[in-house]
Amino acid sequence: SIYEMFGNECCLSTGEVIKVIGFKINKLIASICENNEVSQFSAKVELPLNFPGLYQVVADKTPYVSIEEITRKVFIGPTRFGHPCFYSPEDIKLANLTIKHGEQIIFNSVEEVNGTMAVNCGVVRNNQSHSFTLPLSQEGKFYECEDDQIYTLKEIAEWKIPKCRNRIVKLSNTLHMWDSSNPLPENFDGCLILTPVYEVQAVMKFRKDIVHILSDLDVEVKDITDCYDISSFLQPLSLEDVFERTSKEFPMVAEIMDGPSGSQKPYNLLYMGKEIIIYRKYQATRVLASEIRSDSPKRHFLIPISYKGKFKRRPREFPTAYDLEIARNEKEQLHVVATKAFDSPHKELFSVSVGDQFLVQQRQTSEVLYEGRSKVIDVLACEQILSDTYKKVLLPMYMEGGFVEVIHDKKQYQLSEICKEFRLPFNVKVSVRDLSVEEDILAAVPGLQFEEEITDSYLLIGSTSSPVESWEIPVYRLNMSIHLLSKDVQMVVPPATKTTVEEISEQQYYMMRRYENQALHPPPRPPKKPT
């Protein structure tokens with residue numbers, strides 16, 4: 001018989017046939033690292049994959065000896081994590097291109113080219129990408145390139161630890177306050193050597209769930225792949241696997257093998273054994289929002305554009321005159337109150353007192369005297385509001401003060417109107433909750449800041465037993481396995497789609513901001529004081 005302990009199989013009966021479908025890191029053993037070696041004073045600590053913090057990967061100093069070894073040990077695939085970079089200490093001469101020694105080579109995918117397995121690669125020269133292939137038989141020394149991105153421990157375990165190797169990481173951001181339950185020393189900001197402990201993921205002939213077997217289970221097995229009909233086993237698929245299928249393959253019927261946790265709809269409906277219809281895959285827009293509060297932790301949300309509640313504006317805060325210029329809108333005049341005094345070093349520019357009120361006009365330049373010399377600097381033209389008149393003033397763009405917006409607009413807005421009419425970030429409060437859902441989690445939040453619009457990957461699903469509504473589920477944030485059923489889809493056109501506000505964790509929030517911001521050009525830095 002089979003016994004289960006803490007979600008892992010701990011005993012297998014003699015003669016049991018299992019099909020191994022994958023290997024997964026179950027946990028990490030961490031040791032404090034000094035000079036790329038385990039510190040002699042360091043005790044080994046066990047870290048769960050959800051251990052908080054953001055980490056930078058330290059490039060492995062041990063070279064790979066062939067392209068084939070890289071493909072065996074390093075994840076290469078279509079996701080944003082699946083494009084590792086390597087360099088060769090020697091020139092690599094190809095038919096149409098010479099890869100120079102030390103040049104960064106991006107590995108994009110593995111596929112068959114003219115009957116030979118090869119890796120699609122690229123190099124960037126003068127901001128232009130050049131594509132080429134390297135056969136798996138290519139030998140030489142290939143070293144990992146430095147990686148300046150930051151990752152969660154779970155991301156590192158899933159994508160950034162090569163098979164049969166350890167990984168050195170540097171703590172970049174703890175995200176949480178240290179407490180006594182933290183196995184790492186207080187204020188630790190050094191490097192860790194991570195040693196993975198694997199589990200084997202398998203399926204059995206007469207079970208519909210995925211079996212998790214720890215790699216240190218003391219059991220003898222025999223490879224019978226060549227003499228057994230493996231088609232009799234179920235083929236589990238992750239949501240990422242489903243999303244990679246072509247659009248022509250949808251809709252499809254599936255049974256859930258491993259469902260997500262959560263009490264909120266639709267997650268509470270996605271339990272093991274339930275049959276679902278997957279209608280289609282697509283990209284959808286969400287607004288990333290955070291709770292407005294001075295202390296932490298803040299709550300974070302992904303709000304669909306179809307959200308049916310309404311919002312009223314809340315005052316924004318601006319730390320500099322430069323931020324006032326960024327927030328300026330042609331449709332309405334920005335009215336602010338100064339919350340911090342500023343004494344101008346130039347007589348041509350205005351000195352601000354706490355409580356001064358301004359209407360922001362436009363950016364322009366002004367000539368000022370600085371150490372006896374005339375200089376042209378960027379300024380912000382405003383009108384100071386006095387008791388019975390207005391006074392034109394100039395504020396230096398580099399001014400570090402503080403301003404709070406005065407709201408005259410009492411209108412209630414739909415989310416789609418805000419995205420169309422205003423520039424984000426934008427502060428609001430829910431004035432009318434979304435009545436189409438049982439519980440609107442945004443209604444109880446005292447204030448929200450809409451930070452940016454993002455695009456994410458979703459699957460549209462419904463229940464085969466009661467197809468009265470369909471749900472959007474996120475591909476990359478929902479841990480769920482299914483297997484496809486050879487059943488015809490009765491309803492090709494999906495019923496009314498329900499979209500939900502998704503509350504995300506602090507780490508998911510940081511990941512969202514990181515990946516979205518990679519695609520954006522950073523805003524120009526505010527001007528400095530003239531020198």
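How many bridges join β8 to β14? In this predicted model, β8 and β14 run antiparallel and are joined by 2 bridges. One point along this pairing is easy to find in the structure, since Phe86 stands opposite Glu144 in β14.

This pair of strands belongs to an open sheet of 6 strands, which follow the order β7-β14-β8-β11-β12-β13 with antiparallel pairing. At the edges of the sheet are β7 and β13 (128-135), each of which pairs on one side only. Ignoring direction, neighbouring strands here are turned by 45° against each other on average. In general, the strands of a sheet pair through backbone hydrogen bonds, in either a parallel or an antiparallel manner.

On its other side in the listed order, β14 meets β7 (residues 64-66); these strands also run antiparallel and are joined by 2 bridges. Two residue pairs help to place this contact on the model: Ser66 stands opposite Glu139 in β14, and Tyr64 has Phe142 in β14 as its bridge partner.

Aromatic side chains add another layer to this region. Tyr64, Phe86 and Phe107 form one aromatic cluster. For the model as a whole, the count of aromatic pairs comes to 10. In one of them, the ring centres of Tyr87 and Tyr143 are 5.6 Å apart and the planes are at 20°; this angle is under 30 degrees, so the pair counts as stacked. Because Tyr87 lies in strand β8 (residues 85-87) and Tyr143 in strand β14 (residues 139-144), the pair ties together parts that are 56 residues apart in sequence. Tyr87 itself is partly exposed, at a relative accessible area of 29%.

Another of the aromatic pairs has a different geometry: the rings of Tyr307 and Phe311 are at 35° to each other, with centres 5.4 Å apart, so this pair is tilted. Both partners are buried, Tyr307 with a relative accessibility of 4% and Phe311 with 0%. Rings in the model also meet charged side chains. Lys281 lies over the face of Phe243, at 5.1 Å from the ring centre, while the charged end of Arg286 sits over the ring of Tyr458, at 4.3 Å from its centre.

A further open sheet, again of 6 strands with antiparallel pairing, has the order β24-β29-β25-β26-β27-β28. Its edges are β24 (317-320) and β28; each has a single partner strand, so one side of each is left without a neighbour in the sheet. From one strand to the next, the twist averages 40°. Within this sheet, β25 and β26 pair in the antiparallel sense over 3 bridges, and His335 stands opposite Leu359 in β26.

Several of these strands also contribute to the largest nonpolar core, which has 25 residues. The residues with the most contacts inside this core are Leu324, Val336, Val352, Phe358 and Phe403. Two or more core residues come from each of α4 (321-327), β25 (335-338), β26 (357-370), β27 (373-385) and β28 (390-396). Leu324 is a good place to begin looking around: leaving aside neighbours within four places in sequence, Leu324 is in contact with Phe318, Leu334, Val336, Val360, Leu380 and Phe403. A second, separate core of 22 residues includes Val45, Leu47, Phe81 and Leu194.

Helix α2 (residues 153-160) is mostly covered, with 6 of its 8 residues buried. The buried residues are Leu153, Glu155, Ile156, Ala157, Trp159 and Lys160. The list thus takes in Glu155 and Lys160 along with residues such as Leu153 and Ile156.

A last site of interest is Gly447, in the loop between β30 (426-432) and β31 (448-463). Is Gly447 buried or exposed? With a relative accessible area of 0%, Gly447 is buried, because the cut-off for this class is under 20%. Its C-alpha atom is separated by 4.8 Å from that of Lys429, a residue 18 places away along the chain. Beyond its neighbours within four places in sequence, Gly447 is in contact with Ser290, Glu291, Ile292, Arg314 and Val428.

Terms used. Residues numbered from 1 in each chain as written. Predicted model: local features only at pLDDT ≥ 70, side-chain atom pairs only at ≥ 80, totals over all residues. Heavy atoms only, no water. Phe/Tyr/Trp six-rings, centres within 6.5 Å; stacked < 30°, edge-to-face > 60°. Helix = DSSP H or I, 4+ residues; strand = E, 2+ residues; numbered from the N terminus. Buried < 20%, exposed > 50% of the residue type's maximum accessible area, 1.4 Å probe, protein only. Lys NZ or Arg CZ within 6 Å of the ring centre and 35° of its normal. Core = buried A, V, L, I, M, F, W, Y, C linked by side-chain atoms within 4.5 Å. Contact = heavy atoms within 4.5 Å. Pairing = 2+ DSSP bridges. Axes fitted to C-alpha atoms, helices over the stretch in contact; angles between N-to-C directions.
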